[in-house]
Amino acid sequence: MRYFIFLFLFCFTCLSMAEDATWLLVDTQKKIIQVKQGKHILESFDKISIGRKGANYKQRSGDDITPLGNYKIAYINDQSNFRVFFGLNYPSVYDAELALIDKRISVLEFQEIKQAHESNSLPPQNTVLGGYIGIHGIGQGDKKVHGIFDWTQGCVAVSNPQIDKLSKWIYQGMRVQIK
């Protein structure tokens, strides 16, 4: 009986922790990032910039498109030229499935991407799908352009003060939805 009570409490705690986890919603239409806990908005950052060619399902490296989908923060580079860089685990398995169907990647590349996700590792960044997609500041970039024009090569950018504030929320493994 104790075993079942322990198991019940453990499962309940895990479910409650999953609901309490903070996550990021990147709304490419409204040009905002929201820090969320469940459905509650904890903080919001506006005037973001995305890829020069907007947001969609990336077709290839260099297409200047911010990928739509569900990702996680895979790594954090606080020595970035963009002040701070929060790397996403792009491409996702879904991105890879679409590319495999369109014959843009090989079965081996698909398997490598899928295996990386299964082991919570960074997927290959050198396929035709590209890589090194993340959320970052503008560093020494032109502050006048940011928030007015979409200027990135596929990343999501916020101002330097915003990335400093956002840094307090972000952790490796954090869920990020780009819509």
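Two strands are taken to pair if DSSP finds at least two bridges between them. By that criterion strand β1 and strand β10 (residues 175-178) are partners, joined by 3 bridges and running parallel. Within this pairing, Leu25 stands opposite Gln177 of β10. The model described here is a predicted one, and a look at its confidence is a good place to continue.

The protein chain has an average pLDDT of 91, and 89% of the residues score at least 70. Two stretches fall below 50: residues 3-9, which have 0 contacts in the model beyond near neighbours in sequence, and residues 11-17, for which the number of such contacts is also 0. Where pLDDT is low, the predicted coordinates should not be read in detail.

Turning to the sheet, β1 spans residues 22-27 and is mostly covered, with 6 of its 6 residues buried. Thr22, Leu24 and Val26 point one way from the strand, while Trp23, Leu25 and Asp27 point the other way; all are buried. Besides β10, β1 has a partner in strand β2 (residues 32-37), to which it is paired in the antiparallel sense over 6 bridges. Here Thr22 lies opposite Gln37 of β2. The two strands form a hairpin, with 4 residues between them, and Lys31 in the turn adopts a positive phi of about 60°.

These pairings belong to an open sheet of 8 strands, arranged in the order β3-β2-β1-β10-β6-β7-β8-β9, with mixed pairing. The edges are held by β3 (40-46) and β9 (156-157); each has a single partner strand, so one side of each is left without a neighbour in the sheet. For β9, 2 bridges provide the link to strand β8 (residues 134-136), and these two strands run parallel. Ile135 stands opposite Val156 of β9. Helix α4 (residues 160-167) packs on the sheet, where it touches β1, β2, β3, β7 (83-88) and β8, and its direction makes about 60° with that of β7.

A further packing arrangement involves two helices. Helix α2 (residues 93-101) and helix α3 (residues 107-118) pack at an angle of about 170°, and their axes are 9 Å apart. Because angles over 145 degrees count as roughly antiparallel, α2 is described as roughly antiparallel to α3. On the α2 side the contact is made by Val93, Ala96, Glu97 and Leu100, and on the α3 side by Val107, Phe110, Ile113, Lys114 and His117. In composition, the residues of this contact divide into 6 nonpolar, 1 polar and 2 charged.

Definitions and conventions
Residues are numbered from 1 along each chain as its sequence is written. This is a predicted model: local features need pLDDT of at least 70, side-chain atom pairs count only at pLDDT 80 or more; totals for chains, interfaces and linings use all residues. Side-chain values use heavy atoms; hydrogens and water are left out. Buried means under 20% relative accessible area, exposed over 50%, partly exposed in between (1.4 Å probe, protein chains only). Contact means heavy atoms within 4.5 Å. Axes are lines fitted to C-alpha atoms, for helices over the stretch in contact, and angles run from 0 to 180 degrees between N-to-C directions. pLDDT is the predictor's confidence in each residue, from 0 to 100. Angles under 35 degrees count as roughly parallel, over 145 as roughly antiparallel, 65 to 115 as roughly perpendicular and the rest as oblique. Ala, Val, Leu, Ile, Met, Phe, Trp, Tyr, Cys and Pro count as nonpolar, Asp, Glu, Lys and Arg as charged, and the others, Gly among them, as polar.
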